[in-house]
Amino acid sequence: MVAEADKRITADIARLTAMYKDIHQNPELAFHETRTAAIVAKELKALGFDVKTGIGGTGVVGILKNGPGPVVMYRADMDANAVAEENDLPYRSKVKAIREDGSESPVAHMCGHDAHVTWMLGMAKALAGMKGQWGGTVVLVGQPAEEPITGAKAMVDAGLYEKFGVPKPDYFIGIHTAPLPTGTVVAAPGPLMAGTDQVDILMKGVGGHGSMPQMTKDPVVMAALAVVQYQAIVSRTVTPQETAVLTVGSIQAGADNNVIPATALLKANLRWYSEATRQQMLKGIKAVSEGIARTYGMPEDQMPVITMKGSSTPLVNDKELSARLGKTLQGVLGEKAVISAFPPATGSEDVHLLLGPYTDVPFSFLVVGVADPDLFAKAQKEGKQFPYAAHNPGFLVDLKAIPEGTKVATVAMLDLLGKPE
């Protein structure tokens, strides 16, 4: 069965590579993945899947029933990043998009979601052509808006299971790229990715002329102080044994050199494994923000406004399922190619939130290497952990990883699906 899958995927390399390059050149931001969603829907319909679209905005689900057997769900996220690609590739992204706040931003797949979609569609074709060798139901999910950590919840809230009739899965798996050598797979049990919150803090002030700051209450200064003091929340109030990250990724204030604006917006991001640590950081943000506002003379009815946006709990892989998939993949890729012991990361995901109320379903999230092995080895010799990082302008998917990731996805699905009757 594995040999048959490998044969089909090898014969499909040219098509998959072209598909990957096309999606890479046409990236779309969260909840704007209309073109990508259309590709997913078209490809799955052509393979005989029952396709449902528009779930939670641009979400797509394809269901393929093939007699009795387990229901196995698989997710690929579709959105790209607001990052300008710097890779010198003939298929690099040159796309720019207008964001919700009216600003223009570059857009590029600097987290590998283009590969995720390609892997899922390649796996779908392999499974559709091998229906005589497995039984059960395949549920493939094209998810929007993973980057802001809002897409999975949006699909569930839109009625993924109730309204759109997606059956409760018996198993659920997902796969993500990583700048590990191509041919490497992480199948690790237990906590793998941190919980996260996206938090906006609007500092209010009194605007005025830049030459007369004494007549203003400067929110830019307040925001600058807040960024520095937020770091003391982690370094001086959270126990060093706990994972805690508080990053301010954006400060937005004013437009002119000589005008002090009336407000300043900070966009912060939290990472955590303990709910107590999460609450400690949230309380700290409120205390620091309000303390600064009071120090600069803002009245109680003009305190900073804190807005909670996307959030997700820590991602924890099922022990037995991860061990099962790891053993199966070792038999295909080789024992050394599969990593079963991997430290919990501070990166986050919302994939597991797609289960909605079905939190008892065994879930495993695999990580697939997409870095050219020579490039990875060079980075190691230079003392670098990885040749590049996700969300970096130089993030790069080795084209040889396209069939490799497709093979991993297909083998994992075949392992969990039942035998034909």
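Q: What makes Phe 363 and Phe 365 a stacked pair in this predicted model?
A: Their ring centres lie 6.3 Å apart, with 25 degrees between the planes. Centres within 6.5 Å make a pair, and planes under 30 degrees apart count as stacked. So the pair is stacked.

Q: Are Phe 363 and Phe 365 buried or exposed?
A: Both are buried. That word stands for a relative accessible area under 20%.

Q: Which residues form one aromatic cluster with Phe 363?
A: Phe 172 and Phe 365 join Phe 363 in one cluster.

Q: Why is the pair of Tyr 161 and Tyr 358 called edge-to-face?
A: The count of aromatic pairs comes to 5. In the pair of Tyr 161 and Tyr 358, the ring centres are 4.9 Å apart and the planes stand at 85 degrees. Edge-to-face needs an angle over 60 degrees. The angle passes that mark, so the name fits.

Q: What parts of the chain does the pair of Tyr 161 and Tyr 358 link?
A: Distant ones, 197 residues apart. Tyr 161 is in the loop between α5 and β7. Tyr 358 is in the loop between β17 and β18.

Q: Why is Tyr 161 called buried?
A: Its relative accessible area is 7%. The limit is under 20%, so Tyr 161 counts as buried.

Q: Why does Tyr 358 count as partly exposed?
A: Tyr 358 has 24% relative accessibility. Partly exposed lies between the 20% and 50% limits, so the label holds.

Q: How do you know that Arg 324 lies over the face of Tyr 171?
A: Arg 324 is at 5.5 Å from the ring centre. The limit is within 6 Å, together with an angle within 35 degrees of the ring normal. Arg 324 is listed as lying over the face.

Q: Which residues make the nonpolar surface patch of about 210 Å²?
A: Val 221, Leu 225 and Tyr 296 make the patch. Tyr 296 sits in the loop between α7 and β15. At 34% relative accessibility, Tyr 296 is partly exposed. Patch residues need over 30%, so Tyr 296 passes that limit.

Q: What makes β1 and β17 edge strands?
A: The open sheet has 8 strands, in the order β1-β2-β6-β3-β7-β18-β8-β17, with mixed pairing. Each of β1 and β17 pairs on one side only.

Q: How do you know that β2 and β6 pair?
A: 7 bridges join these antiparallel strands. Pairing needs at least two bridges, so β2 and β6 qualify. Lys 65 stands opposite Thr 137 in β6.

Definitions and conventions. Residues are numbered from 1 along each chain as its sequence is written. This is a predicted model: local features need pLDDT of at least 70, side-chain atom pairs count only at pLDDT 80 or more; totals for chains, interfaces and linings use all residues. Side-chain values use heavy atoms; hydrogens and water are left out. Rings of Phe, Tyr and Trp (its six-membered ring) pair if their centres lie within 6.5 Å; planes under 30 degrees apart count as stacked, over 60 as edge-to-face and the rest as tilted. Helices (H or I, at least four residues) and strands (E, at least two) are DSSP runs, numbered from the N terminus. Buried means under 20% relative accessible area, exposed over 50%, partly exposed in between (1.4 Å probe, protein chains only). Patches are made of residues with over 30% relative accessible area and no salt bridge: like charges are joined within 9 Å, nonpolar side chains (Val, Leu, Ile, Met, Phe, Trp, Tyr) within 5 Å. Accessible areas come from the Shrake-Rupley method with a 1.4 Å probe; for residues, only the protein chains shown count as cover. A salt bridge is a side-chain nitrogen of Lys or Arg within 4 Å of a carboxyl oxygen of Asp or Glu.
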